[in-house]
Amino acid sequence: VVLVFGTGRSEGKENPFTAKASLIRYWNNHISNNLPKPPFLISKASPLNAIDLTKLTQLANHNSLSSHIESFCSLANLFCSFQEDSLKLDAVVKGKGDANFAVYSSKNFKGYGSLRRGGIDSFKNYSDGLNTPNESFKKYSRGSNAHSEDFTSYAKDANVAIDNFTNYGSSTTGGSGGFNNYQERVNVPNLRFTSYDSDGNKHKLSFSSYSSETNSGSEAFTNYGKKGKAVLAEFTSYSSNANTIGSSFAGYGVLGNSANDSFKAYGDSGNNPRNNFKIYGLASKLGIDSFTSYRDSANVGADSFQSYATDANSGKVNFVNYGKTFNVGNSTFKEYGKGSTGSTTIGFKMYDLARSFLDYAKKGVTFAGYTNSSSKETSVNRWVEPGKFFRESVLKQGNVMVMPDIRDKMPRRSFLPRGILSKLPFSTSHLSELRNIFGASMEGMLENALTECERPASRGETKRCVGSVEDMIDFATSVLGHSVTVRTTENVKGSKQEIMIGEVKGINGGEVTKSVSCHQSLYPYLLYYCHSVPKVRVYEAEILDVTSKSKINHGVAICHLDTSAWSPTHGAFLALGSWPGQIEVCHWIFENDMTWTIVD
């Protein structure tokens, strides 16, 4: 079936069959007051016209959206992962010529550089500063000999970067790959190194300042270096100063021979880094792994070493200053070194608290210099942006405070109409179906959002993830009743600078009230995590320029009065220096987030 999508535009009055018109009717039927409809929320409604809405709904009903995914994403204003046309450059570079990709962006390098002999490819300032760069290096440099790759300042300062290195450097001999300042200061990095350097021979890899100062991303190294021979990998300042980075090394170095991996200052000074080494070094021979200053000075964090170095032969692993966090983290070593033979040696020096060794090898593995470092350093707020959290007493006219960066860094997207949304799966159990619709490169992003949506509610919390305005209305009215209104901060002026508080107004007279706050999640369509927590006060405040005293913004802030169920490691307590239940915590409503309350 071939569907032709048209403009569906009509002059004059809004077509009553558009997604937006349907939303307006729904609002009128479910909100029992005559207050103006909030333009900032209505503008997020699906842009689909009547014709395209009908056709896409028909495709959704027949589970056929995947065959029209590009049209679907374009017409519905979704965030999807498409590379530009694959580069047909092999004919150019199969000889001795080198390639220089400077100031390049969002390309598909499929099979590029296969079987090359010698030479070097340089990706310098590649995808630099783009909002959503998306690159695929599939079977790149496969079977090459003495071929080197240099990724310098790759995807630097990007917002939501998606890179996929599948079968990269497979069966290579010699050469090297350098990732320097790779994805530095990216907001949401999503990286996949699948079967990278598998069957490689002496192909040296260097990850220097990789994902440094990034925010809330994930990296996956799956079957990395599998069956490799003398493959050297250096991770220097990997995820340094990052915020909530999750790294997964699954099947890394399996069946490797004489591999030499160095993790130096990995996750250093990060905020809640989470790393998973699963079946790392399985049945490897003569491998050497070095973890130096790994997760040093990090805040909390959790590491899992599952079946690490299992059945290894004469390997050596050294953990120096591992996990020396100032707030206790959690590390689990499950079946670590189990079944190892030869003189496998594990050295732990200055290793942190909160570690668990399950099924650790009883023979063939020795602890060298294990030290329990139980430092009681005072928590500092180095990972919490100034002004992100504050006390209620700060919201007083005439006070000067720092406003955090409240700008929305997510890609621009729209809600889906309910008729289409209801036909799409939405659970981690249906992740394979979602991957088939939106593409494999989106899997990490899909899984992260779904996992958060499926997380059990905290004590006193009522929560729901919504992908349509109608669903948001239903959730808000189920908690607050039908006479509700929704607010957000007017603009982003004052971000990252000192501001003066002007006139302050407490919603519902400043009394303790109920509210429903909704925060964006990264997903192909506009998705909000909405939740209601007990005992809050909501405020509106004029925001003034400190020098001229003129109004520059109209802010909305919410104060949580009961923090007893919050984690002790919550950023608010790091910033304000307290503990759960001891203080109230306030924050601004950021751009494109919102809070619902009963009409004043």
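Leu431, Leu434, Arg435 and Phe438 of helix H7 meet Glu443, Leu446, Glu447 and Leu450 of helix H8 in this predicted model. The residues of this contact divide into five nonpolar, no polar and three charged. Helix H7 covers residues 431–438 and helix H8 covers residues 443–454, and their axes come within 10 Å, crossing at roughly 135°. An angle over 145 degrees would count as roughly antiparallel, and H7 and H8 are therefore oblique to each other. If you turn the model to look at this pair, you will find that the crossing of H7 and H8 is right-handed.

A second helix pair is worth a visit. The axes of H1 and helix H9 (residues 469–480) also come within 10 Å, here with a crossing of roughly 10°. Angles under 35 degrees count as roughly parallel, so H1 is roughly parallel to H9. On the H1 side, the contact is made by Ser22, Leu23, Tyr26, Trp27 and His30, and on the H9 side by Val469, Glu470, Ile473, Asp474 and Thr477. Sorted by type, the residues of the contact of H1 with H9 are five nonpolar, three polar and two charged.

Here are the two pairs side by side.

| Helix pair | Axis approach | Crossing angle |
|---|---|---|
| H7 and H8 | within 10 Å | roughly 135° |
| H1 and H9 | within 10 Å | roughly 10° |

Now to the segment before helix H1 (19–30), where Thr18 is found. Is Thr18 buried or exposed? Its relative accessibility is 7%, and since buried means under 20%, Thr18 counts as buried. A polar atom of the Thr18 side chain lies 3.1 Å from the backbone nitrogen of Ala21. Leaving aside neighbours within four places in sequence, Thr18 is in contact with Leu48, Asn49, Ala50 and Leu53.

Glu540 offers a charged example, placed in strand S28 (residues 536–544). Its relative accessible area is 14%, so Glu540 is buried too. With which side chain does the side chain of Glu540 make a polar contact? The partner is the side chain of Arg487, at 3.2 Å. Arg487 also appears in the wider set of residues in contact with Glu540, leaving aside neighbours within four places in sequence. That set continues with Glu503, Val504, Lys505 and Ile507, and then with His554, Gly555 and Val556.

Two lysines in loops deserve a look for their backbone angles. Lys496 is found in the loop between strand S24 (484–487) and strand S25 (497–506). The phi of Lys496 is near 60°, a positive value in a residue other than glycine. With a relative accessible area of 56%, Lys496 is exposed, because the cut-off for exposed is over 50%. Lys535 sits in the loop between strand S27 (527–532) and S28, the strand that holds Glu540. Lys535 is not a glycine either, yet has a positive phi of about 60°.

Finally, step back to the whole protein. How many helices and strands does the protein have? There are 10 helices and 31 strands. Of the 600 residues, 53% count as buried, and Thr18 and Glu540 are among the buried ones. As for contacts in the protein with a separation of 6 or more, 76% are accounted for by residues 24 or more positions apart.

Notes
Residues are numbered from 1 along each chain as its sequence is written. This is a predicted model: local features need pLDDT of at least 70, side-chain atom pairs count only at pLDDT 80 or more; totals for chains, interfaces and linings use all residues. Side-chain values use heavy atoms; hydrogens and water are left out. Axes are lines fitted to C-alpha atoms, for helices over the stretch in contact, and angles run from 0 to 180 degrees between N-to-C directions. Helices (H or I, at least four residues) and strands (E, at least two) are DSSP runs, numbered from the N terminus. Angles under 35 degrees count as roughly parallel, over 145 as roughly antiparallel, 65 to 115 as roughly perpendicular and the rest as oblique. A crossing is left-handed if the near helix is turned anticlockwise from the far one by less than a right angle, and right-handed if clockwise. Contact means heavy atoms within 4.5 Å. Ala, Val, Leu, Ile, Met, Phe, Trp, Tyr, Cys and Pro count as nonpolar, Asp, Glu, Lys and Arg as charged, and the others, Gly among them, as polar. Buried means under 20% relative accessible area, exposed over 50%, partly exposed in between (1.4 Å probe, protein chains only). A polar contact is a pair of N or O atoms within 3.5 Å; within protein, one must be able to donate a hydrogen and the other to accept it, and residues adjacent in sequence count only if both atoms are side-chain atoms.
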